[in-house]
Amino acid sequence: MAPGEDAARRRAIAVLREEEAKAAAAKAKGTKRPRGFVNRVAREGTAAGTGKGDLPERGQQGTKEWFERAALGPLLWRRTTREELGMIPREFANINSYVRSFEPVMMEEARETIRKAWKESLAEKSQFACSMASELKATGGGWRRVRFHIRDQADAEMFKALCPDDGVVIACVSTMNEADDPWPHDESGLDLPIAAAGLCKGINAKEQTVDFSFWISAEVDTATNPSTPGWREWHERSRVRERLTLEAFEGVRRLVRGDRGDALIGGHAVAEEGEMDARPPPVSPHDRTWFLAPAGKLHSWYNAYEALHHVRRLHGPMRQAMLKPPKDGMPRVRNVPAPPLSVEIAGNQKFVDFLVKNFNEPQLAAIKWAAAHTLRSYEREGDQSHEDPFPFTLVQGPPGTGKTQTVWGILNTLHCLLFQRYYKSIHDAIARGTSRATGTEFTAALDDDDAEWLRSAREDGEEDEDKDGGGFTVRDLYTFLRDTTGVERGQTYGVYKPRILVCAPSNAAVDNLLERVITKRFHQLTGELYTPAVVRVTASETVVSDAVGPVTTSRLVEDLIEMGKSDGKKFDGARWNAEFHKHAKFVKEAGNFIKYKEHELVELTMASAEPRTVPAEGDDVEPGEEIDTRNQKSHGIIAEILGMNENRNRAVTEMARLAYLLDNLGPNAHHVTRNQRIDGKVDRQMKYDQQRAIRKVRAALEASFVDDAEIVFTTLTSSSRKVFRQLTHGFDTVLIDEAAQANEMATLIPFLHGARRCVLVGDPQQLPSTVISKHAQQVSFQRSLFERFNELGAEALLLSVQYRMHPEIREFPSEEFYEGRLMDSACVIKRRPEPYQQKESGLGTYRIFDAHGLEERTTSNSVINHFEAILVVCLYKKIDKVLRDGTGESAEGKVSVVTPYKEQVTVIRKAFEQLCGGEGAASRLRVQINTIDGYQGQESDVIIFSTVRGSGDGGIGFLSDIRRLNVAITRAKKALYIVGRVGKLRAAQAGGEFTVWRDLVQNAMDRGCIVDDADPRVTFADVVPVEEQERAMSKLTKGNRRGVGFKPLKPRHPENPQPDNQRVCREWLAGKCLYGSDCRFAHEKRYDAKSKKLCRDFMMGKCHRGAECVFSHDTAMGGGGGGGGVSKYSALPPPPSTSARRDGDERQQPVIDDI
């Protein structure tokens, strides 16, 4: 035995003896041994799929440590089954039931994101070879930490760029092939590599080191007991895998103990004290080559997990509505007149005119319902005599119905109404305080004349916000100003400003709304325009539009910090100091003005306390008129006080920010000792202190800007940022746009900031949230709160007037997805037709091109179709030619291409390069090519939809989601062209629950919108020569043209010869053939008494040719056809019975192969 191995064995024996001693001591004291993995799983009652095994006890759930253990622990290496997860119900008995239903599914989805991220790293060859640079150390709670040394400097830099601090890292003992799936879908996990999932706790690219922390359960050395109720075979496999992983890191064999604590070797008890495992010791961890791979982040999932465990903090009515809303309390808005406008709006005709002019009837109804629900919630707050109303308003916005415009109107109306109520409340509070005044004593008077500042009025019983582990809050900013200058904010008079939080799942959706608010502004009740106080909370690296950039918190903070630099580098604070004194002067003057007006108000109130009953001598004013005059004057004084107090508070806020900047970054902020100067450490220490101070100041200033805003815009994920926990008060109203695209866990996060009411805007008929785990999808984890409320009976306001789609495009989605309720606006009906919409162009407004190309499966398990890619490019060039011939314009910027698959996006871009001028051709032509999911929310004049699926067997993958189909076919404004294999699409769901694709094809057939046998070499030979198409296909497929359905063309017939074996032209039979004598099919019915074929359309009740049909309608002949039934879009009667068939219906059939 080598000396190193002998030393390792001795260390292992020492560790085992120590563990045995601890176990014996615990047994002697009567300490109960922690229950095992399987025991706890059985106790929870939902098998191991709940993720509660090998984790802290239930009392610790909800903590970040518990979440990280559940995400990175043993269950990561096995996919939880659908049965173990359990279906998420629509209603919940209590909070515990809600948490238990969502938590295991959410944790499985979080683990699936880690698995996917690792697989992507493998595909990108982002595996970094390294060696262990330190011994494995236990850091408490089952966590181990080790330091790795990355062997290559460039790899270290790359790893740092890919993996942030606290990012997930997979440390594996061997390199993985990019084609391998580390987590096979059979859930057995028998062939998984020895690896550990952990967190990156620090990267030093210069020294090429990575600190890696991972978790191992305390029972890693304990064998599972098969006799335990609920035991499964995979429980032992998980325990063995965890043990082998730890042995790989330690380089020694672990002694396994039985359920009673006795040592086992090979499943048998140890007979003698010195007996050891006969297996050879593992390779020393320092001699191994380890491979590190980034595997994503857990931050967003932890935010959702934390929100789930804080559901009990929600406002009572909101919490109850989310658990089990009352059936009779759900909103009923369909066929119900919208509530009248509030008193404030009805009394201001200019605002009423603004609403009527800018919003159609359904949009105005949505605004009225949202305002009525919100104000009703306000009016009943604190009133225990009434049942709380349903605190959610649902607005459904189908494609092109002006959803963003409606949200802008809702925000404008809510902002005006809520602030009207706020100012009325604070006005009444001042009036009540004045009426109780005696002499010069007044509720809002200054405490002393020397301070000359209004004192902050914290209401009785109000407590400080939790400081999130001792962190900064906005109140600390004002406390610092008070302690250093004696200045405080003015009174709130017991009333706080209403605040609105606007969220959406994506940055693009948030910026779209905010840009609308900034550019169009809001309308006051009196009709004047104004800009509300808005901010956008986002990460500093997020790219936003030019209009949104100036109101982002990062830009506001940076602008204020840069103000203190004299030469662009050093902070001298001169401008900060000047601004501070300017605001201080105003605050003093404003305090004097408010004090004067308060005394004036008191005197006026005292004078009116005993009104005269008769006019004074020489006074021609009646007593009642005198009272009205005094009331008007009183209202005017109160309005002046409110306005000045508002301006003064803004100045105090600026003073607090500037004082904080001067204290932390000013010229005297950082001091160094004499020893530091002697040792030459001055610059280094000052630089370090300044960087730390800048981070501190940024956080404080960001919180102050958010706290000062009236409307805050952010994403659902970003609403969990620390800044929202540092505010003086939260948000009573929440509006969530694209609410149907967010799963319920993401929607929970903004509700935790004090929400009392919420407006959900979205469309459950469009794409839901993205859920990676197949089993999480099967138990409805992707279902949104909007959709769940719909299923429980809550009715949504439908925006039914659409401004996007041509009526021919709108017809099918309206009938299929929106019960035929969509209507065309006047602007759509009057829109000037484009040349390509004309039938003579060979295109039209709506067409399905029956492309017979074959799909291919790529190494990344995606699907592509080269045939369709060539057809798409040819179709674009046809549109461009028709436009140039008709109007002289080009198709640049007017055409977009959508497809379900990312790989097909790449293939189509390459096809553009081959046929339209080289690399980057699609970008130069401004043709957007994107996946359906990535294009949701956008629109284009012309949409070309490449369905990709073209093989004769198998399903249609992503296309089976009818909501994805709805998104794809509702992006077009003027023309929609679908490219796909009609037979495949029509038969894909014929036997299933959904028949949308069959109905789509049948609807197009009934309307004559299908282009049969769409071979681009025939259909578009006039715009792209056949030789160019075939050359491009050869390059795309590397010579395999036949393999993708691009077979050699038959010679064209110049004068339409009709040999006996030629097929009849189907377009000619329908009266739609545009090729005339150039058509390669026969334009003549040729009959052969020996060939009799049964009409398939007749058997399905769809033949509209009647006696002109070239096929037999004699059902006694038997043969092909049948199946499918009559489409709901077909107005044709069912096929007649055999007995009702007319005599002489048998006819000779044409000599054709197929029609």
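This passage describes a parallel sheet, the helices that pack on it, the largest nonpolar core and several aromatic pairs in a predicted model.

The sheet is open and consists of seven strands, which follow the order E15-E16-E12-E17-E18-E11-E19 and pair in the parallel sense. At its edges stand strand E15 (534–536) and strand E19 (797–798), and because each of these has a single partner strand, one side of each is left without a neighbour in the sheet. Strand E15 is joined to E16 in parallel over three bridges, and within this pairing Arg-536 stands opposite Phe-713 of E16. Strand E16 in turn runs parallel to E12, to which it is joined by five bridges; Ile-711 of E16 is the bridge partner of Ile-500, while Thr-714 of E16 stands opposite Cys-503. On its other pairing, E12 runs parallel to E17, with four bridges between them, and here Ile-500 is found opposite Thr-733 of E17. The series continues with strand E17 (residues 733–736) and strand E18 (residues 757–762), which are parallel and share four bridges, and Thr-733 has Arg-757 of E18 as its bridge partner.

Two of these strands can be examined for burial in detail. In E16, five of the five residues are buried, so this strand is largely enclosed by the rest of the structure. The burial concerns both faces of E16, since Ile-711, Phe-713 and Thr-715 lie on one side, Val-712 and Thr-714 lie on the other, and all are buried. Strand E12 likewise has five of its five residues buried, and it is therefore largely enclosed by the rest of the structure. From E12, Ile-500, Val-502 and Ala-504 point one way, whereas Leu-501 and Cys-503 point the other way, and all are buried.

Helices also pack on the sheet. Helix H15 (residues 507–520) touches strand E12 (500–504), E15 and strand E16 (711–715), and the direction of H15 makes about 155 degrees with that of E16. Helix H21 touches strand E11 (392–396), E12, E17 and E18, and its direction makes about 150 degrees with that of E17. Helix H21 (residues 744–751) is mostly covered, with eight of its eight residues buried, among them Glu-744, Thr-747 and Pro-750. The N-terminal end of H21 is capped by Asn-743, which has a side-chain oxygen 3.1 Å from the backbone nitrogen of Met-745.

A further set of contacts involves Thr-404, which is found in helix H13 (residues 403–435). Thr-404 has a relative accessibility of 13% and therefore counts as buried, the cut-off for this class being under 20%. When its neighbours within four places in sequence are left aside, Thr-404 is in contact with Asn-512, Leu-513 and Arg-516. The side chains of Thr-404 and Asn-512 are joined by a polar contact of 3.3 Å.

The largest nonpolar core comprises 117 residues, and those with the most contacts inside it are Tyr-98, Phe-392, Leu-748, Phe-751, Leu-760 and Phe-781. Helix H5 (residues 95–123) gives the most to this core, contributing twelve residues. When residues up to four places away in sequence are not counted, Tyr-98 touches several residues, including Phe-92, Leu-308, Val-311 and Met-322. The contacts of Tyr-98 also include Glu-744, Met-745 and Leu-748, which are among the buried residues of H21.

Aromatic pairing was examined across the whole structure, where a search finds 36 aromatic pairs. One of them is formed by Phe-148 and Phe-249, an edge-to-face pair with 6.4 Å from centre to centre and 65 degrees between the planes. This pair links distant parts of the chain, as Phe-148 lies in strand E3 (residues 143–150) and Phe-249 in helix H7 (residues 233–250), 101 residues apart. Phe-148 counts as buried at 0% relative accessibility, and Phe-249 counts as buried at 2%. In the rings of Phe-812 and Phe-817, the centres are 6.5 Å apart and the planes stand at 90 degrees, so this pair is edge-to-face. Phe-812 counts as buried at 2% relative accessibility, and Phe-817 is buried with a relative accessible area of 7%. Phe-148 and Phe-249 also belong to one aromatic cluster, which they form with Phe-212, Phe-214 and Trp-290.

Methods:
Residues are numbered from 1 along each chain as its sequence is written. This is a predicted model: local features need pLDDT of at least 70, side-chain atom pairs count only at pLDDT 80 or more; totals for chains, interfaces and linings use all residues. Side-chain values use heavy atoms; hydrogens and water are left out. Helices (H or I, at least four residues) and strands (E, at least two) are DSSP runs, numbered from the N terminus. Buried means under 20% relative accessible area, exposed over 50%, partly exposed in between (1.4 Å probe, protein chains only). A polar contact is a pair of N or O atoms within 3.5 Å; within protein, one must be able to donate a hydrogen and the other to accept it, and residues adjacent in sequence count only if both atoms are side-chain atoms. Contact means heavy atoms within 4.5 Å. A nonpolar core is a set of buried Ala, Val, Leu, Ile, Met, Phe, Trp, Tyr and Cys residues joined through side-chain atoms within 4.5 Å. Two strands pair if DSSP finds at least two bridges between them. Axes are lines fitted to C-alpha atoms, for helices over the stretch in contact, and angles run from 0 to 180 degrees between N-to-C directions. Rings of Phe, Tyr and Trp (its six-membered ring) pair if their centres lie within 6.5 Å; planes under 30 degrees apart count as stacked, over 60 as edge-to-face and the rest as tilted.
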